[in-house]
Amino acid sequence: MNRHALKKMAGVALLCGGLLCGQALSARADNFQTVESSSPQQVVGSMSGKMVRGITNVATGWLEFPMQIYLTFKNEGVTKGLTVGPLKGLGMTLVRTVTGAAETTTFFLAYPGFYDPYFEPEFAWEEE
């Protein structure tokens, strides 16, 4: 292949890549929800979902303790499951409960994102 053909192909590849990136960014921008671009039903539904998630996480945050022991045991073995698992469980219990309290008290704010959860998974019984 000569140099001119290579330059032409590189230019076409850059143009196609740029078009694909622009298309992906515009599609992503269209999917971004705000309070202003949503219907009142969507806002109230998302707001109440955040409040219910917060109340649920305050009430069930303690489930993180056995869940983290189980997950550590399953993924990293018996020794880490019995030693590191309880420490992870204690930490995640505190994080889940405090985050639930924060979501409950700030349910009316569209933060983070459009009433999105502060972290994943949303509930203690879900695996990442």
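Where is Ala124 found? Ala124 sits in the segment after H4, and one of the close-ups below visits it. This is a predicted model, in which local features need pLDDT of at least 70 and side-chain atom pairs count only at pLDDT 80 or more, while totals for chains, interfaces and linings use all residues. Residues are numbered from 1 along each chain as its sequence is written, and side-chain values use heavy atoms, leaving out hydrogens and water.

**View 1. The whole chain has 4 helices and 0 strands.** Helices (H or I, at least four residues) and strands (E, at least two) are DSSP runs, numbered from the N terminus. Reading along the sequence gives the pattern α-α-α-α. Of the 128 residues in the chain, 23% count as buried; buried means under 20% relative accessible area, exposed means over 50%, and partly exposed lies in between (1.4 Å probe, protein chains only). About 8,800 Å² of the chain is exposed, and carbon and sulfur atoms supply 69% of that area. Accessible areas come from the Shrake-Rupley method with a 1.4 Å probe, and for residues only the protein chains shown count as cover. Now for contacts, meaning heavy atoms within 4.5 Å: among those in the chain with a separation of 6 or more, 70% are between residues 24 or more positions apart.

**View 2. Ala124 meets residues from elsewhere in the chain.** Is Ala124 buried or exposed? Ala124 counts as buried because its relative accessibility is 1%. Its C-alpha atom is separated by 6.4 Å from that of Gly61, although the two residues are 63 residues apart along the chain. Not counting residues up to four places away in sequence, Ala124 touches Asn57, Thr60, Leu63, Glu64, Met67 and Arg96.

**View 3. Asn57 reaches out from helix H2 to the backbone of Glu122.** The side chain of Asn57 comes to 3.0 Å from the backbone oxygen of Glu122. A polar contact is a pair of N or O atoms within 3.5 Å; within protein, one must be able to donate a hydrogen and the other to accept it, and residues adjacent in sequence count only if both atoms are side-chain atoms. With a relative accessible area of 3%, Asn57 is buried. If we set aside neighbours within four places in sequence, the contacts of Asn57 include Thr97, Gly100, Glu103 and Phe123.

**View 4. A salt bridge joins Glu103 and Arg53.** A salt bridge is a side-chain nitrogen of Lys or Arg within 4 Å of a carboxyl oxygen of Asp or Glu, and by this rule the count comes to 6. In the pair shown, the closest N and O atoms are 3.1 Å apart. Glu103 in helix H4 and Arg53 in helix H2 (residues 40–60) are distant parts of the chain, 50 residues apart. Both partners are tucked away: Glu103 is buried at 1% relative accessibility, and Arg53 is buried at 6%.

**View 5. Lys74 and Glu127 form another salt bridge.** Here the N to O distance is 3.4 Å. This pair links Lys74 in helix H3 (residues 64–76) with Glu127 in the segment after H4, 53 residues apart. Lys74 counts as partly exposed at 43% relative accessibility, and Glu127 is partly exposed at 45%.

**View 6. Lys88 pairs with Glu76 in a salt bridge.** The closest N and O atoms are 3.4 Å apart. Because Lys88 lies in helix H4 and Glu76 in helix H3, the pair ties together parts that are 12 residues apart in sequence. Lys88 is partly exposed at 32% relative accessible area, and Glu76 is partly exposed at 40%. Elsewhere, salt bridges that share partners join Arg53, Glu103 and Glu122 into one network.

**View 7. Thr93 in helix H4 meets the backbone of Phe65.** The side chain of Thr93 comes to 3.3 Å from the backbone nitrogen of Phe65. Thr93 is buried, with 15% relative accessible area. Beyond residues up to four places away in sequence, Thr93 touches Gly61, Trp62, Glu64 and Phe65.

**View 8. Phe108, Leu109, Tyr111 and Tyr118 make a nonpolar surface patch.** The patch covers about 420 Å². Patches are made of residues with over 30% relative accessible area and no salt bridge: like charges are joined within 9 Å, and nonpolar side chains (Val, Leu, Ile, Met, Phe, Trp, Tyr) within 5 Å. Phe108 has its place in the segment after helix H4 (78–105), and at 47% relative accessibility Phe108 counts as partly exposed.
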